[in-house]
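Notebook open, model loaded. I want the overall picture before I go into any detail.

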Protein chains: 6
Amino acid sequence: MTRPSKRAPDALRPVSLERAASRHAEGSCLVRFGETHVLCTASVAENVPPWLKGSGRGWVTAEYGMLPRATHDRTRREAAAGKQSGRTQEIQRLIGRSLRAVTNLAGLAEKQVLIDCDVLQADGGTRTASITGAWVALHDALAWMEARNMIKGNVLTDHVAAVSCGLYGGEPVLDLDYAEDSEADADANFVMTGQGGIVEVQGTAETDPFSQEQFDALMGLARGGIAELVELQKMTIG
Amino acid sequence: MTRPSKRAPDALRPVSLERAASRHAEGSCLVRFGETHVLCTASVAENVPPWLKGSGRGWVTAEYGMLPRATHDRTRREAAAGKQSGRTQEIQRLIGRSLRAVTNLAGLAEKQVLIDCDVLQADGGTRTASITGAWVALHDALAWMEARNMIKGNVLTDHVAAVSCGLYGGEPVLDLDYAEDSEADADANFVMTGQGGIVEVQGTAETDPFSQEQFDALMGLARGGIAELVELQKMTIG
Amino acid sequence: MTRPSKRAPDALRPVSLERAASRHAEGSCLVRFGETHVLCTASVAENVPPWLKGSGRGWVTAEYGMLPRATHDRTRREAAAGKQSGRTQEIQRLIGRSLRAVTNLAGLAEKQVLIDCDVLQADGGTRTASITGAWVALHDALAWMEARNMIKGNVLTDHVAAVSCGLYGGEPVLDLDYAEDSEADADANFVMTGQGGIVEVQGTAETDPFSQEQFDALMGLARGGIAELVELQKMTIG
Amino acid sequence: MTRPSKRAPDALRPVSLERAASRHAEGSCLVRFGETHVLCTASVAENVPPWLKGSGRGWVTAEYGMLPRATHDRTRREAAAGKQSGRTQEIQRLIGRSLRAVTNLAGLAEKQVLIDCDVLQADGGTRTASITGAWVALHDALAWMEARNMIKGNVLTDHVAAVSCGLYGGEPVLDLDYAEDSEADADANFVMTGQGGIVEVQGTAETDPFSQEQFDALMGLARGGIAELVELQKMTIG
Amino acid sequence: MTRPSKRAPDALRPVSLERAASRHAEGSCLVRFGETHVLCTASVAENVPPWLKGSGRGWVTAEYGMLPRATHDRTRREAAAGKQSGRTQEIQRLIGRSLRAVTNLAGLAEKQVLIDCDVLQADGGTRTASITGAWVALHDALAWMEARNMIKGNVLTDHVAAVSCGLYGGEPVLDLDYAEDSEADADANFVMTGQGGIVEVQGTAETDPFSQEQFDALMGLARGGIAELVELQKMTIG
Amino acid sequence: MTRPSKRAPDALRPVSLERAASRHAEGSCLVRFGETHVLCTASVAENVPPWLKGSGRGWVTAEYGMLPRATHDRTRREAAAGKQSGRTQEIQRLIGRSLRAVTNLAGLAEKQVLIDCDVLQADGGTRTASITGAWVALHDALAWMEARNMIKGNVLTDHVAAVSCGLYGGEPVLDLDYAEDSEADADANFVMTGQGGIVEVQGTAETDPFSQEQFDALMGLARGGIAELVELQKMTIG
């Protein structure tokens, strides 16, 4: 079996993380997983959601969007449609949960960091690229806050990164691009920490159900890919 | 460790599936997972979504809702709020995907079955109860169609059922109720077929990331619970 | 003339009021007018609407909904449509006004009771069943408040119940089911107290206008039917 | 008892009906019930709602609105709020039903007349003034259609007009203005035809329930007032 | 060249400004530019927008609407559509800016004046008529405030009025009605003060771009027309 | 007077036009006016708006958006807010009109080009940068269509570009950045063709009204700036 992308089954696409990609945001990262490009910004806010007022705890949340022509065919602009799609809401909730899993909210002292992940160009894996890049933006925003004594250190407890895997032609492959994803029999997204802990697992059978062995193989591939992504995050902020 | 519910770690709550729970729907099922009660109806429609017109294929889709006082504290009515929450959209997309995974859409001949899962009372596990009960409603609606020669047989290719698992006090337990879910360290939902194939996996670390071993234990528990639920489905339609 | 339902012109359908139908609500009632089934819950809230803040007065309000397949053909889910229909708003305003007519709002002491009437199955007369069942839910919620010293007694000043009447085949009949309502020449809803006072009257000519005598006959039938419903309420809470 | 308006209990406010109040509409009427001023226009459309396509029948429907400062205190503009209130929807549904009660829809031949009732200034009774004026606008639009051979005669089968009554200081009075309505114990709106047939009755107890005798007295007053309004309609179109 | 309206190129339509056109508003003006009729009301509010709280400054803002049958063909009601069109929002923002340009907001002392411009009948130039009439309504509302010592004098610093110009048949003409506007090659709206200062200029080429000379000619016509409108305002309030 | 940007009064910021900035769009351009960066894409669609069906004419339209953190402080995401602001709608209407002014719609043969202008980073002048860059995207999309024989040549009749001018410290300056715009006494946007024809003029006095002479000076500056931008467009596509 040859992947459309010619990559080895366990090969990531070329990945880059470009810090300080936005003039205004307290932290930002332009992440590229091959032809998938996402601009991640982290904005520091003085207020927390109502249910946290007086709790002493802070919050990290995320919003996700795609430019209308990020996709092969133009997608309707959500602002013009008047609402965010179910898919958009699923993804932004996932990004937020993933980042909170490595954030000590009690250390955020009733401050909030809002992450925006906006897909400039899409070629599969936008949610996993978003999480991986958003971590860099969050890291830099927390550093910005620390430099201003808004927080003390150790708010960020670990790295977090994400990658997709799938069964393509029956075989497990890592980091599907759009062409591969469209043909895959199964699609799974994994979010893990720098220590290798599992934060989120989302697996979906597209056509036929998959077996325990297949799922284990996907998770094994993901573990390797995420370790590479965490290394790249370390080099980026290093 | 003792679960708040006093159940053994691998014990489901008392589950019941009551067919023909609605006078009007072509198929229906009132499913109870303990104190979680969901009314599932299946409505046959002559039309398919626009993108399937002329394809010869049919469609199965789902909507989900909760009565405002299904929950411990009253939740705002989504119709009054003017939109469905992200959580609602995630769940109804999951129910639809799960049912389509065991439906031969080509056999549905440009007809559509719309599943409504409405939670009358909630005590944890509403999405897994919905999937388990919706399968019965779908089964009966397809039988209704077959009796009227709208479709030929074998549209439904297998059973599908779902259950949640979680780490409670560090230990894997099956089918969390609300009290257990609120205290759980991790929460995962599994959707599997009668043959044991995996359709959907959704795992989320609530506080600390979990390990591969913990995740495998959750999946093992789920496999046993889903086998019981499938047996109950068989008895219900038998 | 024979009614489709074979009932005598002045006969109600079999009516039942099932208290404590919801595990979570402070008061609740599952009301059945024949095949019309409505789950009524009453939720106690600590806050009142803004215009009552500081007034010392409380508030009772209602929301109404129908499950999509409560009806013969599936109705679009209002939460998915993004708004409540004009019909829904009319009905929920009517329920709220009817209950407030027998509530001493000054005795509610800046607390609020929110009534939810959700139609599980519809066969005509959903608004009158809702009012009749909602009174029981309200009664029990007020008892719950009194038991906790949130209010003193005598907040509920009387019973309130409702029934529809119509001209079917030219003849006045009580409590129309869906088949009768579809064929009726006129349709009227009456809301009255236990003392026989009139709270709301809504009469509509469907085809030809009706006369004063016809309207008086409808009201006479309603008076008898509502007296029966009030008796049933008394037995239910008794 | 003296009414704030000094009128006799059975006295209407000064009423005027000004035809052709709009340059563009096929029929129009500026109706004044004292200081309540409503501009009613009737617009002829070639299309009918989807459910009437191919039926040969036409349709009459209505929309209602209030200018934001028609009221004593400014009311939020519904277009800015993004939705019509429940009150607005109730009123526009009532206007449409009232007009359809005197229209032979089969004679409208798959044409539609859309009535717009916009309150320029409000002082109580806006819905009854709207119905009374809308009848003139509809009459003139139908005449316009007849002159162009779009319909044959006799589409309008009778007059229809409306008035409110209430209990003020315990006594039945006709045609309440805002000051009277605010203090009334009960409020009822009556819609009747030129022949005296009842089209709609809506009675609401504001504080205490009212008796059968009180309700009969209100209807008697309404009958007299509506007869006067019908006379005025006849003079207007004469 | 003859204009459809037979007017000289530099002739306004007959213009009238009718003060106190609303019983309830603190200031109001029914403005007529020929067959274009706009009811302008000014409502005084005790509150300012959030961003001005504590600033000591007040605010003037505007909303704009058209009755559905103000136009030749009926336009969909924005309240029913659930949102204001882009055109509506452009116009109401323009009205607000124009009035604020001649208001000393610091003198408004955290009070707000809300202007509503509602087009009862449209024949071109609704935004320019709105601005011209709204100034009168604002003037009278400020006088009302001054009489109650809510503000001190000199809040209104100058007159402001507006007119449209266009190229019709290649020739510059003043104050286009609908028939002229539909055929015009270019359309420009000018807002100027009593002193002749320019507040807003909006010019749009409908078909071919226009030249500097053409634009200058349009502005010259506008200057003359606005001077006439300001004279009329002076006579109206004088 | 020295501008905050140290530029000469008639100096543009460094401007760049980067073609083919999007992998998927038929035409695209990343335009930079200093620190203002806008991604413009042109998407070819086979359908036209309903009112053009059967007319033989095509259409060009535009949508505009800003990433939430394109601005100094984060702006609420319009898709999350559920609607586009009035400002957004004004700008996207302006972009569409400007491009249509140099497009022969009859030559577009019932095809449509949808322009998306998304601001990645904002520092003043986003609408003028959008128009200038969108022209390049439109040009390339039309070339793409021509290469596929979807249209014949000469659909694009001229260049179009735009720039802002303002009075800063009383003196006319070209191409205001955010710091200058915030302090400007007046702000005007000009859209002109390659031939020097005026397509749109929008001038607004921020504090005091401005004079004819001042406005003429702004237009003179704009004419020079736009000539430079058109030269850059020519080099870009050359």
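Charges came up first: I count 24 positive and 31 negative side chains in chain A. The centres of the two sets sit 8 Å apart. I keep in mind that this is a predicted model.

Next I looked at the surface. The accessible area of chain A is about 8900 Å², and carbon and sulfur atoms hold 48% of that area. As for burial, 61% of the 238 residues in chain A are buried, taking under 20% relative accessible area as the cut-off.

Then overall shape. The C-alpha trace of chain A spans about 55 × 40 × 30 Å along its principal axes. Does the radius of gyration suit a compact globule, or disagree with one? It agrees, because a compact globule of 238 residues would have a radius of gyration near 18 Å and chain A has 18 Å.

On to the fold. I find 5 helices and 9 strands in chain A. Read from the N terminus, the order is β-β-β-β-α-α-β-α-β-β-α-β-β-α. I also checked the contacts in chain A between residues at least 6 apart in sequence: 71% of them join residues at least 24 apart.

Last, the annotation. The UniProt record, an unreviewed entry, puts "domain: Exoribonuclease phosphorolytic" at residues 12-141 and 160-223 of chain A. I took the two spans in turn. For residues 12-141 of chain A, I get 27% helix and 31% strand, with the end C-alpha atoms 27 Å apart. For residues 160-223 of chain A, I get 28% helix and 45% strand, and the end C-alpha atoms lie 12 Å apart.

Note on methods. Residues numbered from 1 in each chain as written. Chains lettered and ligands numbered in written order. Predicted model: local features only at pLDDT ≥ 70, side-chain atom pairs only at ≥ 80, totals over all residues. Heavy atoms only, no water. UniProt positions renumbered as here; feature names shortened; annotations may be inferred. Helix = DSSP H or I, 4+ residues; strand = E, 2+ residues; numbered from the N terminus. Rg over C-alpha atoms; globule rule 2.2 N^0.38 Å. Buried < 20%, exposed > 50% of the residue type's maximum accessible area, 1.4 Å probe, protein only. Contact = heavy atoms within 4.5 Å. Areas by Shrake-Rupley, 256 points an atom, 1.4 Å probe, with all protein chains shown as cover. Lys, Arg positive; Asp, Glu negative; His and termini not counted. Charge placed at Lys NZ, Arg CZ, Asp CG, Glu CD.
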